[in-house]
There are 2 protein chains.
Amino acid sequence: MQIAIVLFDRFTALDAVGPYETLGRLPDSEVVFVADRTGPVRSDNGSLALTADRTLRDVPAPDVVVVPGGPGQTPQMANETLLDWIRTADATSTWTTSVCTGSLLLAAAGLLEGRRATSHWLALEELRRFGAEPTGERVVTDGKYVTAAGVSSGVDMGLTLVGRISGDAVAQAVQLGIEYDPQPPYDAGSPQKAPAEVVALLRSRSRFILGGETTT
Amino acid sequence: MQIAIVLFDRFTALDAVGPYETLGRLPDSEVVFVADRTGPVRSDNGSLALTADRTLRDVPAPDVVVVPGGPGQTPQMANETLLDWIRTADATSTWTTSVCTGSLLLAAAGLLEGRRATSHWLALEELRRFGAEPTGERVVTDGKYVTAAGVSSGVDMGLTLVGRISGDAVAQAVQLGIEYDPQPPYDAGSPQKAPAEVVALLRSRSRFILGGETTT
């Protein structure tokens, strides 16, 4: 089973690494990081670079497609090479997935029309522009399309998919292997739970956090 | 504030990226990935490479030291260059931290003697060899030493440290920014919670999972 994780400039690292650390532990799987060009691809704050080992063209028919988000998602909405690749890969994929604002790229490729989907909470309403129905759930499965909420939700999405692909026992073994017994020191992980002033702060900086035109 | 995250061959990616995605959002912080040599460093399964932008020598006095774990931790126990760097960096650091079996590297450097600490659940007892007192907690703070349990616990550790460094509101903003409202689809993230047969499976494969001599 080949799992392709897409990289682009100013992606959010955990969006990509959460699915990698879970799906990459599937028995008999191979993860490959793909981008327009091979070589290092810089994350949103510039201090992390993940290597794309293959170009998009090198990997035309992965079994699982994973599209992360991040500030760099906005310019990718006009990257026809990437959108074409997503459409082509989706034609033969078993699962087509996204984390965070990666769902806007799936949507821009035309894959989420009439489907339930999610995204980073600050970008959720943007899905409507493409005919998708945003939901407040953390991981949304609609047919073979699995979209996850912001950044850290890719771990929950990956585990969900491991369970669908290889069964509960394998997913539990992966969860135990990565000791995923979350104990956040605060309970501020959603706009419903965070203090109002923290939500307001993030809303006011959403252009910075998500990279511009995707939220207003 | 300079945050140095150490990389070495066959590190576990999420061990490094969890702290990066949280601590990297601290105001006025700079994250730098360091290793023996600059360039791409391959993770445990070989399919992910993170770039080390600086050598250990280039970054002698970071404010925060982060040491990840992974199968590649075992050979690093004999890497005197790395252990010397950890000791030197620790001499002036504000916080010295680890995720997963990275705590065994802090311990091997002599930093955890007489201290409470944690590690991946499969490696916890190894801490005793170095005079540390293992605890079953997910994030353990003893003085300026903060150790975290397996792999995914680096996110909880990072948020804890953001709160200590910049206060609760900033930590809550980071948590909301990465939408860290965990909803694992299973409840198997610790050996106390996972089904007995899943725990037994991982114990039988611990040499594979953790890379050999650290567990028997």
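Which residues of α1(A) are buried? In this predicted model, the buried residues of α1(A) turn out to be A:A13, A:L14, A:D15, A:A16, A:V17, A:G18, A:P19, A:Y20, A:E21, A:T22 and A:L23. Put as a count, 11 of the 11 residues in helix α1 of chain A (residues 13–23) are buried, so the helix is mostly covered.

Next come the two chains and how they sit relative to each other. A turn of 180° with a shift of 0.0 Å along the axis lays chain B on chain A, and the RMSD of that fit is 0.0 Å. The two copies are thus related as by a two-fold rotation axis. On the chain B side, the residue that comes closest to this axis is B:L50, whose C-alpha lies at 2.4 Å.

As for the interface itself, 59 residues of chain B touch 59 residues of chain A. On chain B, the elements giving two or more residues to that side are α1 (13–23), β2 (30–35), β4 (49–52), α5 (153–166), α6 (168–177) and α7 (196–204). The largest share comes from α6(B), with eight residues. Sorted by character, the side of chain B that touches chain A has 35 nonpolar residues, 16 polar ones and eight charged ones. The copies meet through the same surface, because 100% of the interface residues of chain B are also interface residues in chain A.

Within chain A, helices α5 (residues 153–166) and α6 (residues 168–177) pack against each other at an angle of about 145°, their axes 7 Å apart. The crossing of α5(A) and α6(A) is right-handed. From α5(A), the residues involved are A:L159, A:V162, A:G163 and A:S166, and they meet A:D168, A:V170, A:A171, A:V174 and A:Q175 of α6(A). This helix–helix contact divides into five nonpolar residues, three polar and one charged.

Back on chain B, a loop residue is worth a look. B:R205 sits in the loop between α7 and α8 (206–210) of chain B. Why does B:R205 count as partly exposed? There are 13 other C-beta atoms within 10 Å of B:R205, whereas a residue needs 20 or more to be buried and 12 or fewer to be exposed, so B:R205 falls in between. The C-alpha atoms of B:R205 and B:A13 are separated by 19 Å, with the two residues 192 apart along the chain.

Notes. Residues are numbered from 1 along each chain as its sequence is written. Chains are lettered from A and ligands numbered from 1 in the order in which they are written. This is a predicted model: local features need pLDDT of at least 70, side-chain atom pairs count only at pLDDT 80 or more; totals for chains, interfaces and linings use all residues. Copies are superposed by least squares on the C-alpha atoms of residues with pLDDT of at least 70 in both. Two residues are in contact if their C-beta atoms, placed from the backbone, lie within 7 Å. Helices (H or I, at least four residues) and strands (E, at least two) are DSSP runs, numbered from the N terminus. Ala, Val, Leu, Ile, Met, Phe, Trp, Tyr, Cys and Pro count as nonpolar, Asp, Glu, Lys and Arg as charged, and the others, Gly among them, as polar. Axes are lines fitted to C-alpha atoms, for helices over the stretch in contact, and angles run from 0 to 180 degrees between N-to-C directions. A crossing is left-handed if the near helix is turned anticlockwise from the far one by less than a right angle, and right-handed if clockwise.
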